[in-house]
Every structure is written in C-alpha cells, then in structure tokens.
Amino acid sequence: MPSVYVYTDRIEIISYGGLPFGQTEENFFKGISKPRSESFIRILRDLDFAERTGHGIPQIINKYGRKAFDITDTFILVTLPYDPDVVSRLNKNEHPDEHPEFSNRTREEIIVELIESNPYITYGEIALKFGISVATVRRTLASLRKKGIIANRINQHDKWTLKN
C-alpha cells in the first residue's frame, strides 16, 4: 500500500516495490497504467483525485516534468509541489474569499471561471486552486447544476458543460 505524506509545500506519494512486474519506465511515463494496489486507486478515484484513463502520469510530467518521479528498484517517489499562490495564502491563513483576486465575486462565479478555463478540471484541482475542501466544491457544483448553470457530467472523465 502506498504512503501519502502532506507537507506545507508539497505532497509526496511513495509506492513501495518499484515498478510493477512487467512495467517499463518508458510505458510508465507514457501513462500505460499497471496499478499495484486496486483498492488504493479506488479510494483516490472515489475522492476524485485519480482516474483510470492513463492521463495521470503524463499530466504530472506536463506540469512538473520527469523530475517529479524518483524510480528505484524498491520504491517510486512522486513529489508534487503545491501552487505557490495557494501555499502563500494558506500559510498566511488567508481565506480565498478575502484575497484580492477573489474579491467582489462569489464562489460560484470563480468556480464557473475555473471550469471555463479547464472543462476537465477535477474536484480536487478546484479545491486546491480555491483553497476549499472537496466537499465544499461538490456542494457548490450541485448548486450550480440545480440553478442550470452547468450540466451534469456522466462521469469524472467527462468535461464540464456550461449552459448559456
């Protein structure tokens, strides 16, 4: 079972045992999925932090580069630094609603703007950008659906659709 460590500036995920049997680094970095722990993946998927589309590793590489991964025969360490702006606000105990970039705008307006800029954004990514919990993101999105501002997604891999 992997270990997840949360620090003030990063998240570290350690998967013990190195690459799964039969997996190559080349295929790993291409996003060809071969999970070692189905139960752990299920938990992350239920929290909307993971998916089974094979996009996760390439997305991490696009954002952080291959340097985010330390692969040995005995473990894989993934280090994901937080967005510096979010870390700065959290370190100052500043609520995003009180931050100048969010002033005079509702949480719903800001989340709609995030969806407009990335229709595939996940609950976890919205929570991190906005500095709120995933549960709060879910409630806000439910409110936006109820108001007819966004359409339901069939599953977490679909893009969000804004209604005009």
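The points below concern a predicted model of one protein chain.

1. Confidence. The mean pLDDT of the protein chain is 76, and 77% of the residues score at least 70. Strand β3 (residues 69-71) has the highest confidence, at 89, whereas helix α4 (residues 84-91) has the lowest, at a mean of 58. Residues 94-99 have a pLDDT below 50, although this stretch makes 10 contacts in the model beyond near neighbours in sequence.

2. Secondary structure. Seven helices and six strands are assigned in the protein chain. Their order along the sequence is β-β-α-α-α-β-β-α-α-α-α-β-β.

3. Burial and surface. Of the 164 residues in the protein chain, 35% are buried. The exposed area is about 10,300 Å², and carbon and sulfur atoms supply 53% of it.

4. Range of contacts. When contacts in the protein chain are counted between residues at least 6 apart in sequence, 54% of them join residues at least 24 apart.

5. Strand pairing. Strand β4 (residues 75-81) runs antiparallel to strand β2 (residues 10-16), with seven bridges between them. Within this pairing, Ile 13 has Val 78 of β4 as its bridge partner. Strand β4 also pairs with β3, again in the antiparallel sense, over three bridges. Here Ile 76 in β4 stands opposite Ile 71. The connection from β3 to β4 is a hairpin through three residues.

6. Ser 3. This residue belongs to strand β1 (residues 3-6). Is Ser 3 buried or exposed? Ser 3 counts as buried because its relative accessible area is 18%, and the cut-off for burial is under 20%. Outside its neighbours within four places in sequence, Ser 3 contacts Glu 12, Ile 13, Ile 14 and Tyr 16. One of these, Ile 13, is the residue bridged to Val 78 in β4.

7. Helix α5. Which residues of helix α5 (residues 107-117) are buried? They are Glu 108, Ile 110, Ile 111, Val 112, Leu 114 and Ile 115. An α-helix has 3.6 residues a turn, so residues three or four places apart point the same way. Ile 111 and Ile 115 are both on the buried list, as are Ile 110 and Leu 114. Glu 108 is listed as buried as well.

8. Partners of α5. The buried residues of α5 pack against two helices, α6 (123-130) and α7 (134-146), and against two strands, β5 (150-151) and β6 (161-162).

Methods
Residues numbered from 1 in each chain as written. Predicted model: local features only at pLDDT ≥ 70, side-chain atom pairs only at ≥ 80, totals over all residues. Heavy atoms only, no water. Buried < 20%, exposed > 50% of the residue type's maximum accessible area, 1.4 Å probe, protein only. Helix = DSSP H or I, 4+ residues; strand = E, 2+ residues; numbered from the N terminus. Contact = heavy atoms within 4.5 Å. Areas by Shrake-Rupley, 256 points an atom, 1.4 Å probe, with all protein chains shown as cover. pLDDT = per-residue confidence, 0-100. Pairing = 2+ DSSP bridges.
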